[in-house]
Amino acid sequence: MTGTCLLAFVLSVPLQTVERESFEVWLCPVHRDEQATGLDHCPVCDREMVQRLLVPSYSCPMHQHIDQEDSGSCPICNMNLVPTTRELEWFCPNKPELTSSLPGGKCPDGRSMHMRSIAMAHGDHNPKHGGLLFMAPNGFHHIEGTLDDAGTFQLYVYNDFTKPIDASGFEARVGDTPLLPASDAAILTANIGVPESYPAELVVHVGFPGAHEDEARFDFIFASEIAAAEETATTIVLPEFRIPETSDGIFEAILNRDARVQELIGRGVWPDLYIPALEAKDLVLALHKKEGARVSAPAKKLVRAAWLLDVYGDMGNRLEVEKAYRLFEQSIQELEAARAQ
Amino acid sequence: MRSKWTWTLLALVWAGQVAAHEGSPSRYNYKRHVRPIFVTHCGGCHHTGGVGPMSLLDYPSAVPWANAIKMQVLSEQMPPWLPADGIGSFQHARSLSPEEIDLIIDWVVGLTPEGAPLTAAELEASELFEGWQMEEPDLVLAPADAIVIGEDDYELTECLVLPTGLDEPRTLSELEVKPGLPTLLRRVTIGLGDSCASATFIATWLPGQGSVALAHVLPKGADLAVEILYVKGWEDEGKRFTDRSEIGLRFDGGLTPVQSMRISSSIHTFDEDIELVALFPDPVDVNEALRIEVVTPDGVVELILAIEDYRAQWREKYVLTDPLRLPSGSELRLSQPAAWIEFIPVSRPSAE
């Protein structure tokens, strides 16, 4: 197995120690995305891990310092704000270099430190250019693809803070067409011609710098040049969800989630798959509680399939998503058969 | 119901083979929820000094492997239990329930909360227990000469013939292997006879299994043919080891002795009433799925074992939770031979 790392250790459920609802984690103060193997010290720099408070926030895709508790538009560019997660930090207005990750600190002049929020690793998975954004299998890199009406495909490369990084070390191709560096160092580009119709499906393979594994596959499906942006901007909102009271009602709800999963796969909206998939998972666990051993085997299969849809939906890999869906579909068929006995 | 912030893109960071749709802190923590599952299903191998490459019984050891645990569980590679769910019912099944799978994955994607630190007693319990787990054995067998696992050996199968020296027949009721090399010893297969190739199968022992309950008659002067599999981890490559693992036996547990039979054809018809007690598949092609079903004389077909992904390293004897009564004339059908079965002949009540 490749090295798995842990950067943050969560110690408690949400706290109410600051004005905003927050929760507590431990991070390396420097290597926030590097490997950590224990609570005490960062394995990269041996610094002591520090306590951090995280808050949900609405921020601007283009202006990451924007931080609002509620949705709205960016005061700078008027773009719609998107949900993110940020770290809280306390600082001294007269000495900004003096910071604390916890509230209650005092500045040298005796005054209380001021609170602000800062961007954090994986706190923002929103596309920055109206495209489709995926997380790489290495858990660090992120890529966003856009397709304009002239048939130019652009691949934006980000780090774990969704900040643009130099793409020169990447090897990528859309289909068989290599993606080449653009004038902006964070972009790889190729003209693939204007799609004959939409949705346009592009299979992009990316080799990441320093990676030992094979290149990763990403399936970009653009409903249209404009629709892609609209879809991704609304992926976070969850529908109302509750567990029906009867077993039949629960099974019916599972079928509804299955239909939603199929619809999302059909449109290639990979990042949203987790919503109906994990809801179906919660539903089948409730059904298992009601109906017991006779549905254990299909319930277990559905739980696995739902989490696999979550995993591979994030990575935008059609082949793996479809493989997970076959398991999902099979589990529902077996569930129906088990209930009929 | 989780809030929408639970589903936001808060993935705090762990890089690994894959990265899931990470969430906010899980409602489950290691101490209270996750570790008990690990103790039950994983700790037999994954304890400090055990055959597993890492301990899962203490938080600092387990948590760096969180993403790997997630993928191993979702792909059903771990815990290693080969029979398909919902088909047959076997003692000591190591498979996870739907709720246990969900809890583990939720914990992984939910930032692996620790909960309270382990107590000293819990930490001590995470260490390898070096004594016999069963009561003191009546007889302990060990090879006269140590087995050598050489520098160039990555995987080694050795066969030993261990004389019991019994001066009268005894019913073997319990067996346990005390590994001399707990980090390398992967499986022990035990038969009755003076050769591993021709021995009558009795038992398998896997790490973490503790003692194995049996009901086999050992004749006077019986020999046990013992096949031992060693596999090195990457940390042990290029090193030389010696091993003198011990096998402890206890006798006369009071259970009705079973009979063993190797079935080498695709269909075997029983010519007497029996209770089927256990199955030990020994398929010709380990890459093929395996199915074993019974057909009663009135035509009722019951699938009693299905293995889709047969991984030979984890082959073991499957003991039915409840013995299966089969009238004379019943068939045992194997999708591919062969298999050992254990059964008890059942006497029909007298017609008078």
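This passage walks through the make-up of chain A, the nonpolar cores and a sheet in chain B. The model is a predicted one.

Starting with chain A, the count comes to five helices and 15 strands. Out of its 341 residues, 55% are buried. Chain A also brings together residues that sit far along the sequence from each other: if we take contacts between residues at least 6 apart, 55% of them join residues at least 24 apart. As for the outside, the accessible surface of chain A is about 15100 Å², and carbon and sulfur atoms account for 50% of that.

Now for the inside. In soluble globular proteins, nonpolar side chains tend to be buried together. Here, the largest nonpolar core holds 91 residues, and the ones touching the most other members are A:F153, A:F220, A:F328 and B:F38. Helix α4 of chain A (residues 296-315) gives this core its largest share, eleven residues. Another core, of 30 residues, lies apart from it and includes B:L181, B:L184, B:V212 and B:V226. Back in chain A, what does A:F153 touch, leaving aside residues up to four places away in sequence? Among its contacts are A:L147, A:V174, A:L188, A:V204, A:F220 and A:F222.

Chain B, meanwhile, has an open sheet of four strands, paired antiparallel in the order β1-β10-β4-β7. Its edge strands, each pairing on one side only, are β1 (139-141) and β7 (212-218). From one strand to the next, the twist averages 35°. Within this sheet, β4 of chain B (residues 170-178) runs antiparallel to β7(B), with five bridges between the two. One of the residues involved is B:L175, whose bridge partner in β7(B) is B:V212. That partner, B:V212, is also among the members of the 30-residue core.

Technical notes. Residues are numbered from 1 along each chain as its sequence is written. Chains are lettered from A and ligands numbered from 1 in the order in which they are written. This is a predicted model: local features need pLDDT of at least 70, side-chain atom pairs count only at pLDDT 80 or more; totals for chains, interfaces and linings use all residues. Side-chain values use heavy atoms; hydrogens and water are left out. Buried means under 20% relative accessible area, exposed over 50%, partly exposed in between (1.4 Å probe, protein chains only). Contact means heavy atoms within 4.5 Å. Accessible areas come from the Shrake-Rupley method with a 1.4 Å probe; for residues, only the protein chains shown count as cover. A nonpolar core is a set of buried Ala, Val, Leu, Ile, Met, Phe, Trp, Tyr and Cys residues joined through side-chain atoms within 4.5 Å. Two strands pair if DSSP finds at least two bridges between them. Axes are lines fitted to C-alpha atoms, for helices over the stretch in contact, and angles run from 0 to 180 degrees between N-to-C directions.
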